[in-house]
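Colleague: I am new to this model. Please take one part and walk me through it closely, starting with the charged pairs and working outward to what surrounds them.

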Amino acid sequence: MNPLFIIVAVLVLILFGGIGLYNGLVIARQRSVNAWAQIEVQLKRRYDLIPNLVETVKAYMAHEKDTLERVIQARNQALAAKTVGEKANAEAAVGAALTGLFGLAEAYPDLKSSDNMLNLQNELRGTEDKISFARQSYNDATT
């Protein structure tokens with residue numbers, strides 16, 4: 001066999017290997033970006049539910065204005081967050097504010113039994129599950 005032919009064949013194989021590796025990395029990056037976009041979709045859904053929840057609770061909890069304002073403030077900070085770190089901190093604040101809100105709602109039997117409140121709680125619970133699945137998908141994609 002001609003040594004020149006062998007060298008050309010090895011170079012072609014290295015070239016195709018490099019192209020394949022590059023394409024694989026591009027695909028992996030796109031999967032990661034797509035997985036993050038799925039998290040953002042679910043977070044947006046959550047943020048859209050929060051004003052409805054606050055309006056429902058407002059009528060029952062007029063003297064709990066501080067809690068309601070914290071929920072809205074946390075939501076607004078989360079919407080304004082740009083980086084992953086900012087989003088993580090804002091999400092922690094949203095979660096804490098919602099936990100406080102639901103904790104206070106336990107003290108209002110009329111509110112707990114309100115159909116609108118029950119529906120909103122179920123929507124938020126479902127959204128939290130979807131966020132969890134989207135985060136897992138993102139972690140899998142980035143791994």
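Modeller: Start with Arg-45. Its relative accessible area is 29%, so Arg-45 is partly exposed. Buried means under 20% relative accessible area, exposed means over 50%, and partly exposed lies in between, using a 1.4 Å probe and protein chains only. This is a predicted model, in which local features need pLDDT of at least 70 and side-chain atom pairs count only at pLDDT 80 or more, while totals for chains, interfaces and linings use all residues. Residues are numbered from 1 along each chain as its sequence is written, and side-chain values use heavy atoms, with hydrogens and water left out.

The partner of Arg-45 is Glu-123. Glu-123 is partly exposed too, at 35%. Their side chains meet in a salt bridge, N to O, at 2.6 Å. A salt bridge is a side-chain nitrogen of Lys or Arg within 4 Å of a carboxyl oxygen of Asp or Glu. Arg-45 sits in helix 1 and Glu-123 in helix 5 (residues 115-142), so this pair ties together parts that are 78 residues apart in sequence. Helices are DSSP runs of H or I with at least four residues, and strands are runs of E with at least two; both are numbered from the N terminus.

Now take Arg-46. Arg-46 forms a salt bridge with Glu-128, and the closest N and O atoms are 2.6 Å apart. This pair also links distant parts of the chain: Arg-46 is in helix 1, Glu-128 is in helix 5, and their positions lie 82 residues apart in sequence. Is Arg-46 buried or exposed? Arg-46 is buried, with a relative accessible area of 5%. Glu-128 is partly exposed, at 29%. Glu-91 joins them: Arg-46, Glu-91 and Glu-128 are linked in a network of salt bridges.

What does Arg-46 touch? Setting aside neighbours within four places in sequence, its contacts are Glu-91, Val-94, Gly-95, Leu-98, Leu-124, Thr-127, Glu-128 and Ile-131. Contact means heavy atoms within 4.5 Å. Thr-67 gives a contrast in distance along the chain and in space. Arg-46 and Thr-67 are 21 residues apart along the chain, with their C-alpha atoms separated by 18 Å.

Another charged pair belongs here. How many salt bridges does the structure hold? The structure holds five. One more joins the side chains of Lys-87 and Glu-40, at 3.7 Å from N to O. Lys-87 lies in helix 3 (residues 84-105) and Glu-40 in helix 1 (residues 3-58), so that pair ties together parts 47 residues apart in sequence. Lys-87 is buried, at 14%. Glu-40 is partly exposed, at 32%.

Next, helix 5. Its buried residues include Leu-124, Thr-127 and Ile-131. Each of these three is also a contact of Arg-46. Met-117, Leu-120, Gln-121 and Ala-134 of helix 5 are buried as well. The expected span of a helix is 1.5 Å times one less than its number of residues. For the 28 residues of helix 5 that gives 40 Å, and the end C-alpha atoms are 40 Å apart, which agrees.

Further along helix 5 comes Tyr-138. Tyr-138 is partly exposed, at 21%. Beyond residues up to four places away in sequence, Tyr-138 touches Ser-32, Ala-35, Trp-36 and Ile-39. Tyr-138 and Ser-32 are 106 residues apart along the chain, yet their C-alpha atoms are separated by 6.1 Å.

Now the core. A nonpolar core is a set of buried Ala, Val, Leu, Ile, Met, Phe, Trp, Tyr and Cys residues joined through side-chain atoms within 4.5 Å. The largest one has 28 residues, and Leu-53, Val-57, Leu-98 and Leu-101 touch the most other members. Helix 1, helix 2 (65-80), helix 3 and helix 5 each give two or more residues to this core. Helix 1 gives the most, with nine. Leu-98 also appears among the contacts of Arg-46.

Leu-101 shows how the core is knit. Its contacts, neighbours within four places in sequence aside, are Leu-53, Val-57, Met-61, Thr-67, Leu-68 and Val-71. Val-71 is found in helix 2. At 2% relative accessibility, Val-71 is buried. With the same neighbours left out, Val-71 is in contact with Ile-50, Val-54, Ala-97, Leu-98 and Leu-101.
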